[in-house]
Amino acid sequence: MIALPGSLRNEKGVAFVAFAVFGLATVGLASLGLGTGLLFLVHNESQNASDAGALAGAEALFFQSSANLEARDAVKSNALTGGVESPGAAFATDANILSVTTGNYVSGGSFQAGVPPENAVEVVVEKQLVPLLRAGQTSTVRTRSVAAWS
């Protein structure tokens, strides 16, 4: 057997260092997973709000009412508002309605803004995600929905 120098035989504290390194890595991966899950949650709820706005706007357009007003009201009533009614509400700001546009939806799948006959409504909603662990860095979630009637 080969004799080791004294410095290599003294391994006191190695377990503590290994535990600290792997513990820090585990906490980092858990926070990354939590942040990504929260991003998807807020995106899903923002998409639901923009879908509701587009559907309400298209219905108002069909009945020759104010599509813009109806779409904005539907987005506000279905969006995250910072309350406790949804799981992601505490981590997102109020929805910013970037645009509500009426236009023509062509059967090929494209929306043409302002082109008659107006049979569709496009709603674009944006939310800022409040960072959990990343100091000062916010994430922006932007969703778009188009609803048409024929």
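Here are a few notes on this structure, which is a predicted model.

1. Overall layout. You're looking at three helices and four strands. Reading from the N terminus, the order is α-α-α-β-β-β-β, so to speak a helical part followed by a strand part.2. Burial and surface. Of the 150 residues in the protein, 29% are buried. The protein exposes about 9,600 Å², and carbon and sulfur atoms supply 62% of that area.

3. Contacts along the chain. Take the contacts with a separation of 6 or more: 55% of them are between residues 24 or more positions apart. One pair to look at by eye is Leu 38 and Leu 129, which sit 91 residues apart along the chain, yet their C-alpha atoms are separated by 8.6 Å.

4. Leu 38. This residue is found in helix 2. Is Leu 38 buried or exposed? Leu 38 counts as buried because its relative accessibility is 9%, and the cut-off for buried is under 20%.

5. The main core. The largest nonpolar core has 14 residues. Within this core, Val 75, Val 100, Val 121 and Val 123 have the most contacts. At least two core residues come from each of helix 2, helix 3 (67–78), strand 1 (96–106) and strand 3 (120–129). Helix 2 gives the most, with four residues. As background, nonpolar side chains tend to be buried together in soluble globular proteins.

6. Val 123 up close. If you pick one core residue to click on, try this one. Setting aside neighbours within four places in sequence, Val 123 is in contact with Ser 50, Gly 53, Ala 54, Ala 71 and Val 75. The list carries on with Ser 99, Val 100, Thr 143, Arg 144 and Ser 145. Val 75 and Val 100 in that list are also among the core residues with the most contacts inside the core.

7. The first hairpin. Strand 1 and strand 2 (residues 110–113) run antiparallel and are joined by four bridges. Asn 104 stands opposite Gln 112 in strand 2. Three residues lie between the strands of this hairpin, and Gly 109 takes a positive phi near 105° there.

8. A nonpolar patch outside. Which residues form a nonpolar patch on the surface? They are Phe 16, Val 17, Val 21 and Phe 22, with about 460 Å² of accessible area together. Val 21 is found in helix 2 (residues 14–62), the element that also gives the most residues to the largest nonpolar core.

Note on methods:
Residues are numbered from 1 along each chain as its sequence is written. This is a predicted model: local features need pLDDT of at least 70, side-chain atom pairs count only at pLDDT 80 or more; totals for chains, interfaces and linings use all residues. Side-chain values use heavy atoms; hydrogens and water are left out. Patches are made of residues with over 30% relative accessible area and no salt bridge: like charges are joined within 9 Å, nonpolar side chains (Val, Leu, Ile, Met, Phe, Trp, Tyr) within 5 Å. Accessible areas come from the Shrake-Rupley method with a 1.4 Å probe; for residues, only the protein chains shown count as cover. A salt bridge is a side-chain nitrogen of Lys or Arg within 4 Å of a carboxyl oxygen of Asp or Glu. Buried means under 20% relative accessible area, exposed over 50%, partly exposed in between (1.4 Å probe, protein chains only). Contact means heavy atoms within 4.5 Å. A nonpolar core is a set of buried Ala, Val, Leu, Ile, Met, Phe, Trp, Tyr and Cys residues joined through side-chain atoms within 4.5 Å. Two strands pair if DSSP finds at least two bridges between them.
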